[in-house]
Amino acid sequence: MTESEKRNLDRLPSRRAFVTTSAAAAATIGLLSACNSKADETKSAEIPPAPQEPPIVALTKEARDQMTPDSIIAKLKEGNTRFREGRKIPRDFLAEQRATASGQFPAAVLLSCVDSRAPAEILFNLGMGDVFNARVAGNIENPDILGSLEFTTKLAGAKVVLVMGHSACGAVAGAIANAKLGNLTQLLAKIQPAIKATKYDGNRTADNAEFVDAVARTNINLTIASIRKNSKVIADLEKAGTIKIAGAYYDLKTGAVEFSA
Ligand SMILES: [Zn+2]
C-alpha cells in the first residue's frame with residue numbers, strides 16, 4: 001500500500017466505527033445524508049457515537065449492500081421531500097470528496113435531462129458517491145447510455161435505474177416542433193415515438209405546455225421500455241430482482257418528483 005493510499009484509508013471510518021454506526025447508516029443515513037446531520041438528530045441519538053472517529057459521510061459498500069431497490073427509491077423520495085420543504089441536510093463536500101476518493105458505491109443510476117433546472121443530486125438532496133447520473137437532452141437512451149447503465153449496475157453495483165424526465169422540457173418541445181439542428185436532429189428523432197404514443201385531444205403543438213408535459217411523461221415510459229428491449233444485461237438484472245427500473249417526473253414549478261414505481 002502506498003503512503004497516499006494509507007492516508008485515504010485514515011480518512012475513512014474504521015471497521016469498528018462502521019459496525020457501531022452501520023444500522024444508522026442503512027436505516028436513517030445511508031444514501032442521503034451526513035452522519036452528524038441535525039435532521040437525523042433524534043434517531044442518531046439512539047446510536048452511541050464512536051468516540052474520536054470521523055463521521056461516515058459517504059455511502060460505503062456495506063451500507064449499500066444492506067439496501068434494497070425499494071429502500072433506495074424510498075430514500076430518494078425522502079430526499080425530494082426534504083428539498084421541497086427546505087430542510088435540506090447541510091453537506092460537507094470536502095469531507096465527502098475525501099471519503100469517496102478511494103472508491104465509490106453508488107446505490108442508483110439516474111438517466112436524466114441536461115436541463116439546468118433539473119439537477120437530480122440537488123432535487124434528491126444527495127451527496128458525492130450516492131448516485132451515478134447519465135444526462136442527455138430528453139433523457140433518451142442510445143448505445144452509449146445503455147453501456148453506462150450496464151457498467152453502473154452490473155459492474156458497479158447500483159440497484160436502481162431511475163429514468164427522470166421533467167416538465168417544460170425543451171428537448172421534448174423541440175421534437176414536437178420538429179426542430180432541426182446539426183446532431184440535435186437525430187437526438188430529437190428519438191422522442192418522436194413518444195409524441196405519436198401520447199393520447200391528447202387538444203392542441204398538439206410545442207406551444208401547448210400541457211401537451212409538452214404529456215409527451216415528456218410518455219417519453220419516460222418509452223425510454224424505460226427501450227432500455228429493457230435494447231439491453232439484455234439490464235433486463236436480466238431486473239428479471240433476477242437485482243435491480244429495479246423506475247420512472248420519475250420532475251415538476252419545475254412545484255419542485256416535486258413524482259415516481260412511477
Ligand atoms: Zn429536458
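**A walk through the sheet and its core**

Of the 261 residues in this chain, 41% are buried. Keep in mind that you're looking at a predicted model. The chain has 13 helices and five strands. Contacts reach well along the sequence: among those between residues at least 6 apart, 73% join residues at least 24 apart.

Let's start with the sheet. Its five strands are arranged in the order 2-1-3-4-5, the sheet is open, and the pairing is mixed. Strand 2 and strand 5 (257-259) sit at the edges with a single partner strand each, so one side of each has no neighbour in the sheet. On average, neighbouring strands are turned by 25 degrees against each other, direction ignored. As a reminder, strands of a sheet pair through backbone hydrogen bonds, in either a parallel or an antiparallel way.

Now zoom in on strand 1 (residues 108-112), where five of five residues are buried. Both of its faces are covered, with Ala108, Leu110 and Ser112 on one side and Val109 and Leu111 on the other. Strand 1 runs parallel to strand 2 (residues 131-135), and five bridges join the two. It also pairs in the parallel sense with strand 3 (residues 160-166), again over five bridges. Val109 is a handy residue to click on: its bridge partner in strand 2 is Phe132, and its bridge partner in strand 3 is Val161.

Moving along the sheet, strand 3 pairs with strand 4 (residues 244-250) in the parallel sense over seven bridges. Here His166 stands opposite Tyr250 of strand 4. Lying across strand 1, strand 3, strand 4 and strand 5 is helix 5 (residues 69-84), which runs at about 15 degrees to strand 4.

So what holds the middle of the largest nonpolar core? That core has 59 residues, and the members touching the most other members are Ala108, Leu110, Val160, Val161, Leu162 and Val172. Helix 12 (residues 209-230) supplies the largest share of the core, eight residues. Buried residues of helix 12 include Phe211, Val212, Val215, Ala216, Ile220 and Leu222, but also Asp213, Thr218 and Asn219.

Val172 ties into this helix. Leaving aside neighbours within four places in sequence, Val172 is in contact with Val212, Val215, Ala216 and Asn219, as well as Gly138 and Ile191.

Finally, a quick geometry check on helix 12: at 1.5 Å a residue, its 22 residues should span 32 Å, and the end C-alpha atoms are 31 Å apart, which agrees.

Conventions
Residues are numbered from 1 along each chain as its sequence is written. This is a predicted model: local features need pLDDT of at least 70, side-chain atom pairs count only at pLDDT 80 or more; totals for chains, interfaces and linings use all residues. A residue is buried if 20 or more other C-beta atoms lie within 10 Å of its own, exposed if 12 or fewer, and partly exposed in between; C-beta atoms are placed from the backbone. Helices (H or I, at least four residues) and strands (E, at least two) are DSSP runs, numbered from the N terminus. Two strands pair if DSSP finds at least two bridges between them. A nonpolar core is a set of buried Ala, Val, Leu, Ile, Met, Phe, Trp, Tyr and Cys residues joined through C-beta atoms within 7 Å. Two residues are in contact if their C-beta atoms, placed from the backbone, lie within 7 Å. The expected span of a helix is 1.5 Å times one less than its number of residues. Axes are lines fitted to C-alpha atoms, for helices over the stretch in contact, and angles run from 0 to 180 degrees between N-to-C directions.
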